[in-house]
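Visitor: I should like to understand how the terms used for a protein structure are justified. May I put some questions to you?
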Amino acid sequence: MTVEQFDVGVGPWRGDPPDDPRYDPLLLAEGDRRNVVDRYRYWRREAVVADLDQRRHDFHVAIENWQHDLNIGTVVRNANAFLAAEVHIVGRRRWNRRGAMVTDRYQHVRHHETIDEFVAWAAQGGLPLVGIDNLPGSRPLESTTLPRRCVLLFGQEGPGLSDAARVACDELFSIAQYGSTRSINAGVASGIAMHAWIRAYAGPPPG
């Protein structure tokens, strides 16, 4: 096992180790410096994922990856924070995982080669595609309630949603901006949109 190292955490377990298969003997012996909430201290990674799987939310997140992947790590990290069902990367398979800060180990990530492949997958699951982009005709995200079961779809940094993605979307929403810039990056937009879903449907997080 490779232990994720961060400048946070706890030292070795004091006293008799717990008799619970969720706990990792190496972490108990050496300490747990991973960036996880306290309820998962010393747990095996597989045990954390299994526990998260019991309460993942009904929304998915997708992002196009045709040119570069400056925002994908942030999108994955946000998806972990808000407990999305899955993250879908459409286009190039490779992306820079550093921005995810190891959260991709706890978040299900699925790859789709093309928009058509991704759209077919969503249709099979009965999941409407909700595009988030400042496009003509987009409705304000602030004045709507997102579908409970859906995929929040974000475009490439710069050009935004591709033409094929725009056509495939069942709904399009924009995020209100008040300054001089024309757009915010997909990483920030994903956090805003996910939190809009959380405000509509999620209860308080576990203690």
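Visitor: How do the residues of the lining of the largest cavity divide into nonpolar, polar and charged?

Guide: In this predicted model, the lining of the largest cavity comprises 4 nonpolar, 4 polar and 3 charged residues. The residues concerned are I63, E64, H68, D69, L70, N71, I72, G155, Q156, E157 and A186.

Visitor: What makes E64, D69 and E157 charged, and G155 polar?

Guide: Asp, Glu, Lys and Arg count as charged, so E64, D69 and E157 in this lining belong to that class. Gly counts among the polar residues, and therefore G155 is placed there.

Visitor: Why is this space called a cavity rather than a pocket?

Guide: A cavity is a set of points where a 1.4 Å probe fits but cannot get out, whereas a pocket is an open set. A search of the whole structure finds 1 cavity of 30 Å³ or more. The largest cavity holds about 40 Å³ of space, so it meets that cut-off of 30 Å³.

Visitor: Why is α3 called roughly parallel to α6?

Guide: The axes of α3 and helix α6 (residues 186-201) lie 8 Å apart, and the two pack at an angle of about 20°. Angles under 35 degrees count as roughly parallel, and therefore α3 is described as roughly parallel to α6. Their crossing is right-handed.

Visitor: Which helix supplies the largest share of the lining of the largest pocket?

Guide: That helix is α3, with 3 residues. Both α2 (45-53) and α3 (72-81) supply at least two residues each. The lining has 29 residues in total, and V37, L52, R55, N80 and A81 lie nearest the centre of the pocket.

Visitor: How do you know that both domains contribute to the lining of the largest pocket?

Guide: At least three of its residues come from each of domain 1 (16-54) and domain 2 (55-201). The lining consists of 17 nonpolar, 6 polar and 6 charged residues, and the space in this pocket is about 730 Å³.

Visitor: What lines the second largest pocket?

Guide: Its lining has 21 residues, with D133, N134, G160, S183 and I184 nearest the centre. They divide into 9 nonpolar, 8 polar and 4 charged.

Definitions and conventions
Residues are numbered from 1 along each chain as its sequence is written. This is a predicted model: local features need pLDDT of at least 70, side-chain atom pairs count only at pLDDT 80 or more; totals for chains, interfaces and linings use all residues. Side-chain values use heavy atoms; hydrogens and water are left out. On a 1 Å grid over the protein atoms alone, a cavity is a set of points where a 1.4 Å probe fits but cannot get out, and a pocket is an open set with protein on both sides within 12 Å along at least five of seven lines; lining residues have an atom within 4 Å of a point. Grid points are joined across faces, edges and corners, and a volume is the space filled by probe spheres set on the points. Helices (H or I, at least four residues) and strands (E, at least two) are DSSP runs, numbered from the N terminus. Domain bounds come from an automatic or database domain assignment. Axes are lines fitted to C-alpha atoms, for helices over the stretch in contact, and angles run from 0 to 180 degrees between N-to-C directions. Angles under 35 degrees count as roughly parallel, over 145 as roughly antiparallel, 65 to 115 as roughly perpendicular and the rest as oblique. A crossing is left-handed if the near helix is turned anticlockwise from the far one by less than a right angle, and right-handed if clockwise.
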